[in-house]
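Work through the exercises below with the sequence and the model in view. Try each task before reading its solution.

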Amino acid sequence: MSFHLKLGVLAALALGVVGCGGSAKVATTDAFVTFSRGGEIYAIGADGSGERRLTRSRARDIAPAGSPDGLRIAFASDREGSLEVHVMNADGSGQRKLTQEPENAFPAWSPDGRKIAFVSNRDGNAEVYVTN
């Protein structure tokens with residue numbers, strides 16, 4: 001298991017998304033899937049149709065995570081020089097930065113969509129943080 005995958009699992013565990021015994025609750029909708037390619041965030045219909053680009057920046061936008069209600073997407077971006085957690089509406093509008101410290105990535109929504117866990121290396125030690 002890669003280092004980044006382990007940290008993503010830790011973030012999910014912090015929110016109770018992944019339980020002991022290997023069961024997992026995936027925080028997506030039946031309507032679309034999000035992914036990153038070439039440093040941008042995309043969405044595509046669950047049936048494979050209607051691919052659309054949601055971000056357009058010179059920065060690296062990665063690690064999208066759809067909210068449980070399907071209305072928002074959290075992602076990491078280095079728009080200000082280091083990775084920070086951002087959130088946007090599912091259509092790509094309303095993009096805003098959530099974190100204020102450097103080196104934050106791998107966001108994961110809580111099952112109720114009220115909190116976001118993420119991995120931060122802000123103090124030189126990879127740890128899981130939670131924000132509202």
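Two strands pair if DSSP finds at least two bridges between them. Helices (H or I, at least four residues) and strands (E, at least two) are DSSP runs, numbered from the N terminus. This is a predicted model, in which local features need pLDDT of at least 70 and side-chain atom pairs count only at pLDDT 80 or more, while totals for chains, interfaces and linings use all residues. Residues are numbered from 1 along each chain as its sequence is written, and side-chain values use heavy atoms, with hydrogens and water left out.

**Exercise 1. Describe the hairpin of β1 and β2.**

Solution.
Step 1: Find the strands. Strand β1 covers residues 32-37 and strand β2 covers residues 40-45.
Step 2: Look at the pairing. The two strands run antiparallel and are joined by six bridges. R37 stands opposite E40 in β2, and F35 has Y42 in β2 as its bridge partner.
Step 3: Look at the turn. Two residues lie between β1 and β2 in this hairpin, and G38 in the turn has a positive phi of about 60°.

**Exercise 2. Place the hairpin in its sheet and in the protein.**

Solution.
Step 1: Write the strand order. The sheet is open, has three strands in the order β1-β2-β3, and its pairing is antiparallel.
Step 2: Find the edges. β1 and β3 (52-53) each have a single partner strand, so one side of each is left without a neighbour in the sheet.
Step 3: List the elements. The protein has one helix and 10 strands. From the N terminus, the order is α-β-β-β-β-β-β-β-β-β-β.

**Exercise 3. How many aromatic pairs does a search of the whole structure find, and how is each arranged?**

Solution.
Step 1: Set the criteria. Rings of Phe, Tyr and Trp (its six-membered ring) pair if their centres lie within 6.5 Å; planes under 30 degrees apart count as stacked, over 60 as edge-to-face and the rest as tilted.
Step 2: Count. The search finds two aromatic pairs.
Step 3: Take F35 and Y42. Their ring centres are 5.5 Å apart and their planes are at 10°, so the pair is stacked.
Step 4: Take F118 and Y129. This pair is also stacked, with 5.9 Å from centre to centre and 15° between the planes.
Step 5: Locate the second pair. F118 lies in strand β9 (residues 116-120) and Y129 in strand β10 (residues 127-131), so the pair ties together parts that are 11 residues apart in sequence.
Step 6: Check for a charge. A charge sits over a ring if NZ of Lys or CZ of Arg is within 6 Å of the ring centre and within 35 degrees of the ring normal. The charged end of R122 sits over the ring of Y129, 4.0 Å from its centre.

**Exercise 4. Sort the ring residues of both pairs, and A117, into buried or partly exposed.**

Solution.
Step 1: Set the limits. Buried means under 20% relative accessible area, exposed over 50%, and partly exposed in between (1.4 Å probe, protein chains only).
Step 2: Apply them to the first pair. F35, at 23% relative accessibility, is partly exposed, whereas Y42, at 12%, is buried.
Step 3: Apply them to the second pair. F118 is buried at 3%, whereas Y129 is partly exposed at 24%.
Step 4: Add A117. This residue is in strand β9 and is buried, with a relative accessible area of 0%. The C-alpha atoms of A117 and Y129 are 5.6 Å apart, although 12 residues separate the two along the chain.
Step 5: Turn to the whole protein. Buried residues make up 40% of its 132 residues.

**Exercise 5. Describe the surroundings of H86.**

Solution.
Step 1: Locate H86. The residue lies in strand β6 (residues 84-89).
Step 2: Judge its cover. H86 is buried, with a relative accessible area of 6%.
Step 3: Find a polar contact (a pair of N or O atoms within 3.5 Å; within protein, one must be able to donate a hydrogen and the other to accept it, and residues adjacent in sequence count only if both atoms are side-chain atoms). The side chain of H86 reaches the backbone oxygen of E84 at 3.2 Å.
Step 4: List contacts (heavy atoms within 4.5 Å). Leaving aside neighbours within four places in sequence, H86 is in contact with residues including I73, F75, R96 and L98.

**Exercise 6. Where do E103 and F106 lie?**

Solution.
Step 1: Recall the general case. Most residues other than glycine have a negative phi.
Step 2: Take E103. Its phi is near 70°, a positive value, and E103 lies in the loop between β7 (96-97) and β8 (104-109).
Step 3: Take F106. Its phi is near 55°, also positive, and F106 lies in strand β8.
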